[in-house]
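Colleague: I should like to learn how to read a structural model, one feature at a time. May we begin with the strands and then turn to the rest?

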Amino acid sequence: MIDAKRRAIALGGGLAALAAGLPAAFAQHADHGMPAKGTDAARPDLGATAAFDAQGVLWAAHKDGGYITVSRSADAGRSWSKPARVNNSLEATDMGADSRPKIALGAGGEIYVTWTRPLGKPFTGAIRFARSLDGGRSFSAPVTVHADRQEITHRFDAMAVNNQGQLFVAWIDKRDGVAAARAKGPEYRGAAVYYAVSDDKGASFRGDYKLAEHSCECCRIALHPQDDGSVLAMWRHVFAPNIRDHALARMTPDGRPGEVRRVTFDDWRVDVCPHHGPSLDRDADGRLHAVWFTQALKNSGVCYGRLRDGGVDLQRRVGGATAEHADLAISGNRVAVAWKEFDGERSRLRAMISDDAGEHWRERELAATPGASDHPRVLARAGAFHVFWNTRREPLLTVALA
Amino acid sequence: MRTLCKFAGAALALLLAGGAAADPVNIRPFDAGSMSAIRAQYAGKPFVLAFWSTTCEPCRKEMTLWRGLKLRYPQMPIVLVSADGPADQAAVTAFLMRYNPGPVQHWMFADEFSERVRYSVDKSWRGEMPRTYFFDAAHDAAAHSGLLDRRMVEQWFRNNTGRH
């Protein structure tokens, strides 16, 4: 047991006041004073992401000392630089569940970082952005990406750079649900996916463009840039009445709304927060491959499949009964999937690789840890795969996947 | 939201008027040993064990359900466990203040190695929430992921309290 706190956690005066019959007044007061999540500097949150730049340098965005930081590795994660601060003032960050800071790299060495800053009320947030144009030596002052400044849900940021160098940031947004509630209309199903685009390497953003209504509220969004400059987004949707399968749509640089397609068909009918978003990539022949999570009766667990119109090819279960948080990357027609699996004592980092676009697979075990860990990320670089896994025992662990 | 807060206030006033004897002041630390401790505490008795988190929208709605059930079936133990991490105590407290589930028992994850804690509860639980377990007197547990159906839950409460 690393840090089990055996003492009872005493609440402050708030609940005592509540017990005295003042909940409404106190709840309103709490809106402004609600301490945000993810501010424990001594034991930083483990949420982290990483990406290779064009020169093969690996960059990671992660928390350190309460700050969002970026670390650099010139040897694919064997050694890391001292973390550089992205935000110079302490800022609460949403790191729970499926939320973590994101990093993306421009072709000219630009380093882009986004994260979600929780606001006062539960479920609310703002998508924050900072960039470095000098190789991580300094970062711009963080800005809020979206034009909408209501104290509502803007969370689960996702970021991608297209082949024109345009930067896309997508997020889960509840403005439509809030508007429906204000209009006293029927309850809005789920949330929506919005995005913004930057044409000037993050100096400014334009948006907010609505990609789709009725997304699920608490899962990460998977993005994949296309050759035509658009960026595909895949997310957990809420198909009527409450089917939490996945949808795919194309974000275009001009913000034109695109068609929303259903791409998984497990028929998981539930009002739940899975905290378990998908991952998406494309092979050399243009086929889309994904991993996702469902608890539908017919397909319970983590799933892999090749997406096509109206169905999924080669769908299969990934890992054992405790498998979770899979990620996927593709190089040519080689597909790599990594996930973690708890065995009663340790979390094991496992992977499966296909050399023929998902037809046949071989499994490997890559690492194990006796403590807390983040979700693994699979990175493809120059025909090779690496799995990035931030663990308490081994921070920013990166394993080559042969 | 304002309506919800007003309703919360009204329900709480009712509870207090009824003299409900629960202690909402303590959140106990839930770790890999807590599941067996809770089962021992309610040996031979039915109870409800419900996991939730501050990042879970349906969990918010369920707080109202627990409050109503506790009012109607005060003898049935309802144990709520926040699966937020140890660093999120303040956010958990604020959430409970805001959405007030009534005089039920509170715990929260006290181990950042959440896989280990979940495994001690149920090897097949992948962290989705709300996740609820209905233990009958023999401690045969029925698990449910997602927002509960009020009528089904009320039926279970009637069956397991003998009160109609």
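Colleague: How many bridges join strand β2 of chain A to β3(A), and do the two strands run parallel or antiparallel?

Modeller: Please keep in mind that this is a predicted model. Strand β2, residues 49-52 of chain A, is joined to β3(A) by four bridges, and the two run antiparallel. As an example of facing residues, A50(A) has A60(A) in β3(A) as its bridge partner.

Colleague: Which residue in the hairpin of β2(A) and β3(A) takes a positive phi?

Modeller: Five residues lie between these strands, and G56(A) has a positive phi near 90°.

Colleague: To which strand is β3(A) joined by seven bridges?

Modeller: The partner is β4, residues 67-73 of chain A, and this pairing is antiparallel. Here K63(A) has I68(A) in β4(A) as its bridge partner. β3(A) and β4(A) also form a hairpin, with two residues between them. In that turn, G65(A) has a positive phi of about 60°.

Colleague: Is strand β3 of chain A mostly covered or mostly open?

Modeller: To judge this, one counts the buried residues. Strand β3, residues 58-64, is mostly covered, with six of its seven residues buried.

Colleague: In what order do the four strands of the open sheet in chain A stand?

Modeller: A sheet is read from strand to neighbouring strand. The order is β14-β15-β16-β17 in chain A, with antiparallel pairing. β14 (222-225) and β17 (261-262) stand at the edges; each has a single partner strand, so one side of each is left without a neighbour in the sheet. At one of these edges, β16 (residues 246-251) pairs with β17(A) over two bridges in the antiparallel sense. There A247(A) stands opposite R262(A).

Colleague: Is L379(A) buried or exposed, and why?

Modeller: The idea is to count the C-beta atoms around a residue. L379(A) has 22 other C-beta atoms within 10 Å, and 20 or more are required, so L379(A) is buried. This residue is found in strand β26, residues 377-381 of chain A. Beyond its neighbours within four places in sequence, L379(A) is in contact with seven residues that can be listed by name: A50(A), A51(A), F52(A), A329(A), F385(A), H386(A) and F388(A). Of these, A50(A) has already appeared as the bridge partner of A60(A). Sequence distance and spatial distance should also be read together: L379(A) and L328(A) are 51 residues apart in sequence and 8.1 Å apart in space, C-alpha to C-alpha.

Colleague: Is A284(A) buried or exposed?

Modeller: The count is again what matters. A284(A) has 11 other C-beta atoms within 10 Å, and 12 or fewer is the limit for this class, so A284(A) is exposed. Its place is in the loop between β18 (279-282) and β19 (288-294) of chain A. Not counting residues up to four places away in sequence, A284(A) touches G332(A) and N333(A). A284(A) and R334(A) are 50 residues apart in sequence, yet 9.0 Å apart in space, C-alpha to C-alpha.

Colleague: Which residues touch the most other members of the largest nonpolar core?

Modeller: One looks for the members with the most contacts inside the set. This core has 139 residues, and I103(A), F168(A), V169(A), A170(A), A233(A) and V337(A) touch the most other members. Leaving aside neighbours within four places in sequence, the contacts of V337(A) include V291(A), Y304(A), V318(A) and L328(A).

Colleague: How many helices and strands does chain B have?

Modeller: Chain B has six helices and six strands, whereas chain A has three helices and 28 strands. From the N terminus on, the elements of chain B run α-β-α-β-α-β-α-β-α-β-β-α. Helix α4, residues 89-99 of chain B, is mostly covered, as 10 of its 11 residues are buried. Among them are V92(B), F95(B) and Y99(B). N100(B) follows the helix and has a positive phi, near 25°.

Colleague: Over which residues of chain B does pLDDT stay under 50?

Modeller: Confidence should be read alongside the geometry. pLDDT stays under 50 over residues 1-24 of chain B. The average for chain B is 86, and 84% of the residues score at least 70. The model scores ipTM 0.86 and pTM 0.88.

Note on methods:
Residues numbered from 1 in each chain as written. Chains lettered and ligands numbered in written order. Predicted model: local features only at pLDDT ≥ 70, side-chain atom pairs only at ≥ 80, totals over all residues. Contact = placed C-beta atoms within 7 Å. pLDDT = per-residue confidence, 0-100. Core = buried A, V, L, I, M, F, W, Y, C linked by C-beta atoms within 7 Å. Pairing = 2+ DSSP bridges.
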